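Let's zoom in on one part of this model.

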Amino acid sequence: MNRKLAISGAAVLLAFALQSFTMKPADDGVMVKEKGTYVVNTTKLGKNVEGYNGATPLKIYIKKNKVEKVEFLKSQETPKYYAKVKKAFQNAWNGLKVKDAQKKQVDAVTGATFSSEAVIKNVQLGLEYYQKNK
């Protein structure tokens, strides 16, 4: 009887251990999958990545391992300068395979260097997160 109980207990522990290795990471609000498209939100990932006036959160849309678009979320950056960054970077990574997008060198926008660098860093963080968690 004790041997059967010990074997049953070991089997349960083994099943639990195997399940924990095959489970997806807990939903941390960073990445969701919607209709075949992964959406990476850098609000939490890049909370310490600051432009001139604060964080520059983004949503990165990825489908079939290619960047579809980068969406700029609300920030505290100076609107006039951040508009220049948005215009320059809006399509900078579109259509690129994730690995190519990660390697892409993008020049900062003159007059908005801090904001530009923060956006670039957020894109890199988001793509790296996608690669590790897809």
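Q: Please take a close look at the empty space inside: how many cavities of 30 Å³ or more does the count come to?

A: The count comes to 1 cavity of 30 Å³ or more (a cavity is a set of points on a 1 Å grid over the protein atoms alone where a 1.4 Å probe fits but cannot get out). Bear in mind that this is a predicted model, with local features needing pLDDT of at least 70, side-chain atom pairs 80 or more, and totals for linings using all residues. Residues are numbered from 1 along the chain, and side-chain values use heavy atoms, without hydrogens or water.

The largest cavity has a volume of about 40 Å³, taken as the space filled by probe spheres set on points joined across faces, edges and corners. Its lining (an atom within 4 Å of a point) is made of Trp 93, Ala 101, Gln 102, Lys 104, Ile 120, Val 123 and Gln 124. Two or more of these come from each of α4 (98–103) and α5 (113–133), with α5 giving the most, 3 residues.

So what about α5? Its 21 residues should span 30 Å at 1.5 Å a residue (times one less than the residue count), and its end C-alpha atoms are 30 Å apart, which agrees. Ile 120 and Val 123 are among its buried residues (under 20% relative accessible area, 1.4 Å probe, protein chains only), and so is Tyr 130, at 4%.

There are 4 aromatic pairs in the whole structure (ring centres within 6.5 Å). Tyr 130 pairs with Tyr 38, centres 5.3 Å apart and planes at 70°, so the pair is edge-to-face (over 60 degrees). Tyr 38 lies in strand β2, so the pair ties α5 to a part 92 residues away in sequence.

Technical notes. On a 1 Å grid over the protein atoms alone, a cavity is a set of points where a 1.4 Å probe fits but cannot get out, and a pocket is an open set with protein on both sides within 12 Å along at least five of seven lines; lining residues have an atom within 4 Å of a point. Helices (H or I, at least four residues) and strands (E, at least two) are DSSP runs, numbered from the N terminus. Buried means under 20% relative accessible area, exposed over 50%, partly exposed in between (1.4 Å probe, protein chains only). Rings of Phe, Tyr and Trp (its six-membered ring) pair if their centres lie within 6.5 Å; planes under 30 degrees apart count as stacked, over 60 as edge-to-face and the rest as tilted.
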